[in-house]
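Let's walk through this model together, starting with a quick check on helix geometry and then moving into the packing.

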Amino acid sequence: MIRTFVSNSHFILSLWLSVMTLGNVQAQSITIDSVHTWSEQNYPLIAKAELIRRTQRYTLANLAKGYLPQISTTAQATYQSDVITVPIPNTGIEPLSKDQYKAYADLNQTIYDGGAIAAKRQLQRLTSSLESAGLEKDLYALRERVNQLFFGALLLHTQQQQINLLIEQLRDTKKSVDSAVRFGAAYRSDADQLASEILIQQQRLYEIEAGIAAYLQMLQAFTGHRIDNADDLQAPIAKDVWMDTENNRPELKAFELRNKLYDKQLKLLQAQVTPRLSLFGQGGYGKPGLNQLKNEFDWYYIAGERLIWKFSALYTLKNEKRILQVNRQENNVQRETFLFNNRLSQIQQANEKLKTDQLIATDQTIIALKENIREAAKAKYENGVITLNDYLKELNAVSQAKLNQELHKIQALSNQYNRQFTTGN
């Protein structure tokens, strides 16, 4: 019996620990960093990163094969209206047949291409890096939208908490007034007015709860994770991000990569007007062979070196260089425009920080003063000096002051993340 009791107790304890552990997992707070990670993993465009890597790998492999020997085969049969004849009699040379046949293979091995293949490989790497920077830019825009939803839900949740506190205070006051009404020490209209105020605040609560639900549904759509309650959202810890002035936005990387891309395109243009040297060989079987005076099928081969210099590429080289120069200038103008607008955003955020810091510094003092006024108003109302309306105004004023304090804190956090977003940090 003792063993059975101990065994059952161990089982019950294990079950209780499992339930508590599960409860802790379910109640685990959701941070904004987690939301960012989930949203990026869930975003359909993230699959593009792997596609960019595959395209680069396949393209580079194909370009590397440009150094391999190039082999082609040809077979042809022709009939011609006339052939070469030797007008010298009694030579014993048989006239060629008008039907002729040839099958041969060509082999070409590049020795020097002016750096064209190397330039194309570098160009492909830069193109892939530029596409990846564009993807990072899109993910940055995703983070900004997630920030808006996350902090929007926190703001509404703060309002929800403050209104719930106000409703509790109104209900406590109504209990006191109801008791006073029963003893003839207060008017029934005061109790009705409190009931009306409670209903008004509950209406506000319904609107806020609907807003929170909309924000959470959007966050679920972005992250692919179920978020049932705004209580699960954990406000981030305030950090000093204002000393970090280095700009690491992906747009700047894209501007830099685009200029490097123009450099490689210029090298490719120069490679196209450079002489190209290769080895070649041809071997085949035909009638006639290389000996045109031998009217029969024969094997043959040709081997040698080939130098090709395409002068036609020089016709457009100057204008092609000018186009690249114009593209570079346009890219630099876009970069300066981006930096100008980015600096304006940083100035605006710095001013917003100064404002919220000043507001937060005085919030607690305002709350203390409002609470003193409320307590005095409560005493005056209980002694019949002021009306219930006057007391409710002071009660609402305290609630609003506390709400303002929480809103200012969340605004400061939101501004902090906006600053990190603006500077790419």
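Helix 5 covers residues 188-223, which is 36 residues. At 1.5 Å a residue it should span 52 Å, and its end C-alpha atoms are indeed 52 Å apart, so the two values agree. Keep in mind that this is a predicted model. Right after helix 5 comes Gly224, with a positive phi near 75°.

Now for the packing. The largest nonpolar core has 40 residues, and Phe151, Leu170, Val177, Leu219 and Leu233 have the most contacts inside it. Helix 2 (32-42), helix 4 (116-182), helix 5, helix 7 and helix 8 (388-423) each give two or more residues to this core. Helix 4 gives the most, with 15 residues. If you want to zoom in on one of those well-connected residues, try Leu170: beyond its sequence neighbours up to four places away, it touches Leu194, Glu197, Ile198, Gln201, Leu392 and Leu395. There's also a second, separate core of eleven residues, with Leu123, Leu126, Ala254 and Leu268 among them.

Next stop is Tyr381, which sits in helix 7 (residues 313-382). Is Tyr381 buried or exposed? Its relative accessible area is 15%, and the cut-off for buried is under 20%, so Tyr381 counts as buried. Leaving out residues up to four places away in sequence, Tyr381 touches Val177, Asp190, Ile386, Thr387, Leu388 and Tyr391. With Asp190 there is a polar contact between the two side chains, at 3.0 Å. As for Tyr391, it comes ten residues away from Tyr381 along the chain, and their C-alpha atoms are separated by 6.6 Å.

Terms used
Residues numbered from 1 in each chain as written. Predicted model: local features only at pLDDT ≥ 70, side-chain atom pairs only at ≥ 80, totals over all residues. Heavy atoms only, no water. Helix = DSSP H or I, 4+ residues; strand = E, 2+ residues; numbered from the N terminus. Buried < 20%, exposed > 50% of the residue type's maximum accessible area, 1.4 Å probe, protein only. Contact = heavy atoms within 4.5 Å. Polar contact = N/O pair within 3.5 Å; in protein donor to acceptor, adjacent residues only side chain to side chain. Expected span 1.5 Å × (residues − 1). Core = buried A, V, L, I, M, F, W, Y, C linked by side-chain atoms within 4.5 Å.
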